[in-house]
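Please set out a short report on this two-chain model. Cover the contact between the chains, then each chain in turn.

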Amino acid sequence: MGYLEVEGVAKSFGPVKVLSDVSLALEEGEFVSLLGPSGCGKTTLLRIVAGFEEPDRGTVRLAGTEITAEPPAKRQMGMVFQAYSLFPNMTAEENIRFGLKVRRVDANEQAERARELLELVGLTQHRGKYPHQLSGGQQQRVALARALAIRPLALLLDEPLSALDAKVRVQLREEIRRIQQETKVTTIFVTHDQEEALSISDRVVVMHQGQLSQVGTPAAIYGEPDNIFVARFVGAVAELPAEVVDGREGIVALFGRKVRAARAQGMAAGTRIYFLLRPETVRVGPEGANGGLDGTVAGRTFFGALTSLRIELADGHGSVTAAMPSDKASELAQGTRVSVSWADDAPRILRRE
Amino acid sequence: MSQAAAAAGTRTGTRPAGFFARSGGALTLIFVGPFLLYVSAFLILPTLMLLATAFSGAHGFTWRYVGELDQAQTLIAFRNSIELSATSALVGLVIGALAAYFVMRPGMPRGLRSLVTTFSAVAANFAGVPLAFAFIATLGSLGVITVWLKSIGIDLYGAGFRLYSILGLVIVYAYFQVPLMIIVITPALEALRKQWREAAENLGASSIDYWRYVGLPILLPSLLSAYILLFGNAFSAYATPYAISSGIVALVPVEISNVLSGNVMLSPQTGAALAFGMILVMVAVMGLYALIARQVGRWARP
């Protein structure tokens, strides 16, 4: 049994079904991200856990106690919202003390806890500033400290980085993870940003159309997608249609040629599949080399150390993206004819309906 | 991008901004200029003339008329006007704010809000003789409601109520003060973010805690501004109280009318001195407001 459990939760807003029979269990101290596109139900699920929405069906349990009917104020959960949730009429310190103040905690204890938390989030020197005098990143740090002040049984983060600029996002997400590991608080982090989810989570829950599409470690979600939605949503992937020819040997037919694919072993001959290639598994060589697929460099995107090359496959077979060191990629001008190949165990195989 | 290109980009980028800034300045002058002229002609100039009149006698400068403001009748008029304005503003503030809050609560019928807003826009501007007539016809000594209440055993006038009293005028003023409050406070209520309430709840706050520590302190500057507006609105009202009380309740605007129209005496200087007194009251109220607003709104200052 998990520390924080959601079981059989369903929720509709009018005729729109937002969550369908969702079950999820978090271990104590675990950091789990809910990842998915807009409208997939991740924020609704978080709000049900927080008590701001009532599920139509299902239960929420925390530390062995059912809390489905408990109001948010009684749940002992800290929540950080997207943005602008600090009380504007209170200083950073007063914001942090608020939860303790309404719980009638002794003033000295409030001050001590606020001091600890301001130190934890690195804002001691900004304690007397009002929210509008703080940057977006500082405001979210204060919001995090405020949520932690009540020593929550669970921390709920609702896209807390979405309103920040790219550099601050990266800094703050690392800080969130550091603080979570220091405080060992069980955390649910909602995001639509796969990089964020993969970089700081113990486990990632990919959601799609109100259901859990896949739950797993970041490596499993990225490397072993269970379904085509997860493969497409998490990371870039080339989807090549293929068919299993020999399941015992792991041979598949790809654009009329037989290629080895270790993950196709055990599949019945004739099974229609997606042959999935992540950019970092694609090798690019001279045209005709290694018996790979021929193609032409059709586009490039520079990412600093790496450059992403879009290679149009010959005979209109679609395109493949290859990520390679920028110095090597610079040798391949647009229009260069190349060959793409991969290691036998690189392609991920998914059944194609 | 090369430095040259970047510099070129900057140049082309600043040109339109400069153009719009210049043309914006001209447009501002075209549209705001006439308004400033209008204000100068019909507010500043009359105020200066009023001051000049208040301090002018047959032989030039005099304190006489301003000095007469401490006469008993005048002091009663000021006390009544301030009492009526302060009370009706408070009634408007409380009832208007609560009405606006409950109309805006989630789950209220969609049409209710637009109905209340539309009614408020009309009612806030419905004052003067028609309003006085409406109240005389309903709450006057022979008004419909008065008579009906009497028929069920509630004798308003027997109990001492008079429409032409401060209490009666407060009830009449509520008709336009409450809608005005609804109109001015609605944007401030809308600006209260849902996240503040949820964050407070999440941290363990009750509804009372939320309003005590978050909601009301955030609204306080707006409530103060609204109170000043309502106070000024009541303080300067003339036609409504005159039509209702025919001067029985001494109020400064009615006194000014009396000395200007010559019903009692004709003395433009006394009228100007009374108006000067009204300006002093408003300046004092505004000064008090500025002091309090500075304190309660310190969190919003850069």
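How many residues does each chain bring to the contact between chain A and chain B? Chain B gives 17 residues and chain A gives 18 residues. The model is a predicted one.

**The chain B side of the contact**

Two helices of chain B, α8 (194-202) and α9 (207-235), each supply at least two residues of the side that touches chain A. The largest share comes from α8(B), with six residues. By class, this side of chain B has nine nonpolar, four polar and four charged residues.

One residue of α9 can be placed in more detail. P217(B) lies in helix α9 of chain B. Is P217(B) buried, exposed or partly exposed? A residue needs 20 or more other C-beta atoms within 10 Å to be buried, and counts as exposed at 12 or fewer. P217(B) has 17 within 10 Å, so it is partly exposed. W299(B) is 82 residues away from P217(B) along the chain, yet their C-alpha atoms are separated by 9.9 Å.

**Chain B overall**

Chain B contains 12 helices and two strands. Along the sequence the pattern is α-β-β-α-α-α-α-α-α-α-α-α-α-α. Why does chain B count as more spread out than a compact globule? Its radius of gyration is 26 Å, whereas the globule rule gives 19 Å for 302 residues; the value is well over the rule, so chain B is more spread out than a compact globule. Along the principal axes, the C-alpha atoms fill a box of roughly 85 × 60 × 35 Å. Of the 302 residues of chain B, 28% count as buried. Contacts in chain B between residues at least 6 apart in sequence include 75% that join residues at least 24 apart.

Chain B splits into domain 1 (26-62) and domain 2 (71-300). Taken over C-alpha atoms, the centres of these two domains of chain B are 28 Å apart. Where they touch, five residues of domain 1 of chain B are in contact with six residues of domain 2 of chain B. Helix α1 (residues 3-54) of chain B gives the most to the domain 1 side, with four residues. That side of domain 1 of chain B divides into three nonpolar, two polar and no charged residues.

**Two sheets in chain A**

The table sets two open sheets of chain A side by side.

| Strand order (chain A) | Strands | Pairing | Turn between neighbouring strands, average |
|---|---|---|---|
| β15-β19-β16-β17-β18 | five | antiparallel | 45 degrees |
| β6-β7-β8-β3-β9-β10 | six | mixed | 20 degrees |

Take the five-stranded sheet. Its edges are β15 (283-286) and β18 (319-325) of chain A. Each has a single partner strand, so one side of each is left without a neighbour in the sheet. β15(A) pairs with strand β19 (residues 337-341) of chain A in the antiparallel sense, over four bridges. Which residue of β19(A) is the bridge partner of P286(A)? The partner is V338(A).

Now the six-stranded sheet. The edge strands are β6 (77-80) and β10 (211-216) of chain A, and each pairs on one side only. Strand β3 (residues 31-35) of chain A runs parallel to strand β9 (residues 203-208) of chain A, and four bridges join them. L34(A) stands opposite V205(A) in β9(A). A helix also packs here in the sense of contact: α4 (residues 136-149) of chain A lies across β6 and β7 (154-158) of chain A. The angle of α4(A) to β6(A) is about 170 degrees.

**An enclosed helix in chain A**

Why is helix α1 (residues 42-50) of chain A described as largely enclosed? Eight of its nine residues are buried, so α1(A) is largely enclosed by the rest of the structure. The buried residues are K42(A), T43(A), T44(A), L45(A), L46(A), I48(A), V49(A) and A50(A). Just after α1(A) comes G51(A), with a positive phi of about 100 degrees.

Methods:
Residues numbered from 1 in each chain as written. Chains lettered and ligands numbered in written order. Predicted model: local features only at pLDDT ≥ 70, side-chain atom pairs only at ≥ 80, totals over all residues. Contact = placed C-beta atoms within 7 Å. Nonpolar A, V, L, I, M, F, W, Y, C, P; charged D, E, K, R; others polar. Pairing = 2+ DSSP bridges. Axes fitted to C-alpha atoms, helices over the stretch in contact; angles between N-to-C directions. Domains from an automatic or database assignment. Rg over C-alpha atoms; globule rule 2.2 N^0.38 Å.
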